[in-house]
Amino acid sequence: RILLLSLVWVVADFRFQMTKKRRNNGRSKKGRGHTPIVRCTNCARCVPKDKAIKRFQVRNIVEAGCQRDIRDASVFESYTLPKLYMKLQYCCSCGKSFRAVFFDIYFRMTSFLSHPLSCCS
C-alpha cells in the first residue's frame, strides 16, 4: 500500500511540472554537483561562484584631475601611473541595482526607444 502511494506521487510529479524560466536555471554549472561560494562585493551575500555576476574593472589609481599635477611634479618624463585592477562579483540583486546586468527586456527596450537614433533623424 505504501509503495502504491509513493508511485502515485511520482506519476503526479511528472504530470504537473512547473515551467522553467531559464534553461540553465540561472547558473553555469553543467554537470558539477556543487560549486564553491563567493561573497558579493557590495552586500557580502553568499552566492554560488557560477551564479555570481562577474565584472572586471580597470581604473586609474589617481583621478584624472590629479594626474597632470603628478606628471608635472615627477622627475621621470615617461612615467606611467599604475592602474587598479578589480574583479567585482555581485549577487543577482546587487548586479541589477548597479546595472551590471539587465534582467528586464522591457527596461532595455524602453531605454533604447527613448533615445532617438541619429541615423534616422
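Which strand does Tyr85 lie in? Tyr85 belongs to strand β4, residues 83-90. Helices (H or I, at least four residues) and strands (E, at least two) are DSSP runs, numbered from the N terminus.

This is a predicted model, in which local features need pLDDT of at least 70 and side-chain atom pairs count only at pLDDT 80 or more, while totals for chains, interfaces and linings use all residues. Residues are numbered from 1 along each chain as its sequence is written, and side-chain values use heavy atoms, with hydrogens and water left out.

**Overall layout**

The chain has four helices and four strands, and they come in the order α-β-β-β-α-β-α-α along the sequence. As for pLDDT (the predictor's confidence in each residue, from 0 to 100), the chain averages 79, and 69% of the residues score at least 70. Among the elements, the lowest mean, 55, goes to helix α1 (residues 2-15), and the highest, 96, to strand β1 (residues 37-39).

Of the 121 residues, 12% count as buried. Buried here means under 20% relative accessible area, exposed over 50%, and partly exposed in between (1.4 Å probe, protein chains only). The accessible surface of the chain is about 11,000 Å², with 59% of it belonging to carbon and sulfur atoms; such areas come from the Shrake-Rupley method with a 1.4 Å probe, and for residues only the protein chains shown count as cover. Contact means heavy atoms within 4.5 Å. Of the contacts with a separation of 6 or more, 56% are between residues 24 or more positions apart.

**Core and surface patch**

A nonpolar core is a set of buried Ala, Val, Leu, Ile, Met, Phe, Trp, Tyr and Cys residues joined through side-chain atoms within 4.5 Å. The largest one has nine residues, including Val38, Val47, Ile53, Leu88 and Cys91. Leaving out residues up to four places away in sequence, Val47 touches Pro36, Ile37, Val38, Ala52 and Cys91.

Ile53 from that core also meets Val101: the two are 48 residues apart in sequence, yet their C-alpha atoms are 7.7 Å apart. Val101 sits in the loop between α3 (92-97) and α4 (105-114). Beyond its neighbours within four places, Val101 is in contact with Ile53, Arg55, Gly95 and Lys96.

Out on the surface, Tyr85 joins Phe56 and Val58 in a nonpolar patch with about 360 Å² of accessible area together. Patches take residues with over 30% relative accessible area and no salt bridge, joining like charges within 9 Å and nonpolar side chains (Val, Leu, Ile, Met, Phe, Trp, Tyr) within 5 Å.

**One salt bridge**

With a salt bridge taken as a side-chain nitrogen of Lys or Arg within 4 Å of a carboxyl oxygen of Asp or Glu, the count is one. It pairs Asp50 with Arg27 at 3.0 Å, N to O. Asp50 is in the loop between β2 (46-48) and β3 (53-60) and Arg27 in the loop between α1 and β1, so the pair ties together parts that are 23 residues apart in sequence.

**Two positive phi angles**

The loop between α1 and β1 also holds Asn25 and Lys30. Neither Asn25 nor Lys30 is a glycine, but each has a positive phi: about 60 degrees for Asn25 and about 50 degrees for Lys30.

Here is how exposed some of these residues are:

| Residue | Relative accessible area |
|---|---|
| Asp50 | 13%, buried |
| Val101 | 22%, partly exposed |
| Arg27 | 24%, partly exposed |
| Asn25 | 52%, exposed |
| Tyr85 | 55%, exposed |
| Lys30 | 64%, exposed |
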